[in-house]
Amino acid sequence: MSRTTRVRQEIQRYLAIEPVQVAELELDDGGALRPGPGSPPVTHGEVFLLVRRGGRPIATLLGRVPDGADPITVLTALAQRHHDAGPEPEPAPTGVTVPFTSVVVATRERAGRLAHALDSMLAQDHPDFEIVVVDNAPVTDATRELVEREYADRVRYVTEPVAGLAVAHNTGLAAARGDVVAFTDDDVVADPRWLTELTAPFAADPGLGCATGLILPARLRTPAQVLLESHGGFAKGFTPRTYDPADPPADEPLFPFAAGRFGSGANMAFRTGVLRAVGGFDPATGAGTLARGGDDLYGFVRVLAQGHRLHYTPQALVWHHHRETWQDLETQAYGYGAGLTAYLTAVLVNRPALLPTFLARLPRGLAHARTLTAVRDTDAQGVTGAPGGHDDRGHPWPRRLSRLQRKGMAYGPVGYLRARRALRAGKGTGEEAGKGTGMRAELRAALVSGIPEVSEVSEVSEVSEDAR
């Protein structure tokens with residue numbers, strides 16, 4: 001059997017995964033069941049359920065509503081059986097004056113998605129904030145026209161001509177007027193209390209440099225979305241936690257380098273002065289660069305390395321629209337791997353004093369990477385456990401995606417160094433910067449040494465299309 005045939009068969013198998021409904025259930029005050037953002041009302045079938053008590057997220061569950069059954073009755077009974085075993089939610093902030101905050105949203109040619117995100121941010125209960133939209137390397141005027149037409153008095157618009165998420169975030173950081181700067185994406189819908197919950201810890205803890213929050217899927221309509229969320233998605237569970245470099249956590253042997261444990265870039269905030277003091281984000285990292293990602297992880301580690309604490313709170317919730325197609329998932333898997341090793345390279349290049357600590361953790365880090373990218377060949381028709389059970393990696397992860405993730409890890413350091421070179425040459429940070437003769441020679445040398453190029457991600461795009 002040819003390799004192409006094997007890949008096609010694997011893709012076809014996982015494309016058979018059924019959609020999962022997304023909903024949220026409030027247990028207090030008699031209960032209330034609502035569909036997830038942009039989702040239709042809940043009917044029979046499988047449901048990914050966010051459980052709230054007093055409006056505060058406490059758990060996610062995967063349940064099934066039988067044909068003819070009442071969804072709220074079935075799902076309330078399920079939630080009540082499980083909620084006592086979960087962690088207690090953090091108490092709601094009381095008597096705390098939340099800091100003036102700048103919300104930075106970097107975007108590129110997705111005006112429709114951006115409008116939904118901005119609407120949710122303007123509905124926040126935070127008393128004192130501004131929104132800054134950074135239009136990154138725009139091709140059209142769609143984003144500028146949207147902001148000027150619909151949000152001119154409430155949203156500031158700035159342009160960053162150089163492509164790259166870290167570059168755009170640094171532009172937003174420079175424009176921010178708030179004591180705290182929060183970052184999120186243009187494909188999220190923010191819970192009304194998101195910004196208050198994300199920024200209150202800064203008022204309570206003067207030593208806090210960064211805070212992150214909970215990210216849940218807005219929809220699970222396609223196999224790619226279900227697989228991504230089952231693999232761990234972006235959420236970090238429902239247990240609040242503070243990471244302190246002065247008291248390294250005993251259960252995190254890779255601290256502070258396993259930055260993916262801390263949170264994700266779609267839901268993060270920094271004390272503005274702290275982030276500026278460490279130089280912001282490395283512009284050679286992030287989506288839209290040859291490094292493919294890692295800008296958020298770089299920011300987490302740099303802040304921790306300067307002695308500041310980081311707090312994760314599951315009460316600060318945004319709903320994220322995951323990519324929908326198998327080809328998107330392939331690109332994402334490769335980018336995750338590349339971003340991981342790219343950010344580690346960036347940290348060591350910019351903070352070489354961390355090298356001894358990094359080398360001491362390297363053996364465990366390699367073992368962690370093998371676990372993170374392991375093939376899990378669970379029956380695609382019987383995905384076990386709830387998507388979003390982020391500490392239980394027993395869910396399916398196809399061989400194809402595992403292979404791409406590991407290839408990305410091998411490529412990440414090369415991608416980062418190429419992005420740095422492109423910046424020094426004044427060519428920007430994006431993949432187009434690698435088209436010069438010198439870059440092609442560097443790439444050929446990398447390929448000879450067995451390190452894959454970004455283009456390998458698309459080697460089965462034709463297969464993926466056929467399978468759909």
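**Notebook: Leu-366, Glu-130 and the whole chain**

I located Leu-366 in helix H11, which spans residues 355-372. The model I am reading is predicted.

I then looked up the accessibility of Leu-366. Its relative accessible area is 47%, so I recorded Leu-366 as partly exposed, given that exposed would require over 50%.

Next I checked the surface around this residue. I found that Leu-366 joins Leu-355, Leu-359 and Leu-362 in a nonpolar surface patch of about 330 Å².

I turned to Glu-130 and placed it in strand E6, residues 129-136. Is Glu-130 buried or exposed? I noted a relative accessibility of 11%, and Glu-130 therefore counts as buried, the limit being under 20%.

I asked which polar partners the side chain of Glu-130 has. I listed a polar contact with the side chain of Ser-102 at 2.5 Å. I also listed the backbone nitrogen of Arg-177, which the side chain of Glu-130 reaches at 3.0 Å.

I then retrieved the contacts of Glu-130, setting aside neighbours within four places in sequence. I entered Phe-100, Thr-101, Ser-102 and Val-103, then Arg-156, and finally Ala-175, Ala-176, Arg-177 and Gly-178.

Last, I took the totals for the protein chain. I counted 14 helices and 13 strands. I noted that 55% of the 468 residues count as buried. For contacts with a separation of 6 or more, I found that 78% link residues 24 or more positions apart. I recorded an exposed area of about 19100 Å², of which carbon and sulfur atoms supply 52%.

Technical notes:
Residues numbered from 1 in each chain as written. Predicted model: local features only at pLDDT ≥ 70, side-chain atom pairs only at ≥ 80, totals over all residues. Heavy atoms only, no water. Helix = DSSP H or I, 4+ residues; strand = E, 2+ residues; numbered from the N terminus. Buried < 20%, exposed > 50% of the residue type's maximum accessible area, 1.4 Å probe, protein only. Polar contact = N/O pair within 3.5 Å; in protein donor to acceptor, adjacent residues only side chain to side chain. Contact = heavy atoms within 4.5 Å. Areas by Shrake-Rupley, 256 points an atom, 1.4 Å probe, with all protein chains shown as cover. Patch = residues over 30% accessible without salt bridge, like charges linked within 9 Å, V, L, I, M, F, W, Y side chains within 5 Å. Salt bridge = Lys/Arg side-chain N within 4 Å of Asp/Glu carboxyl O.
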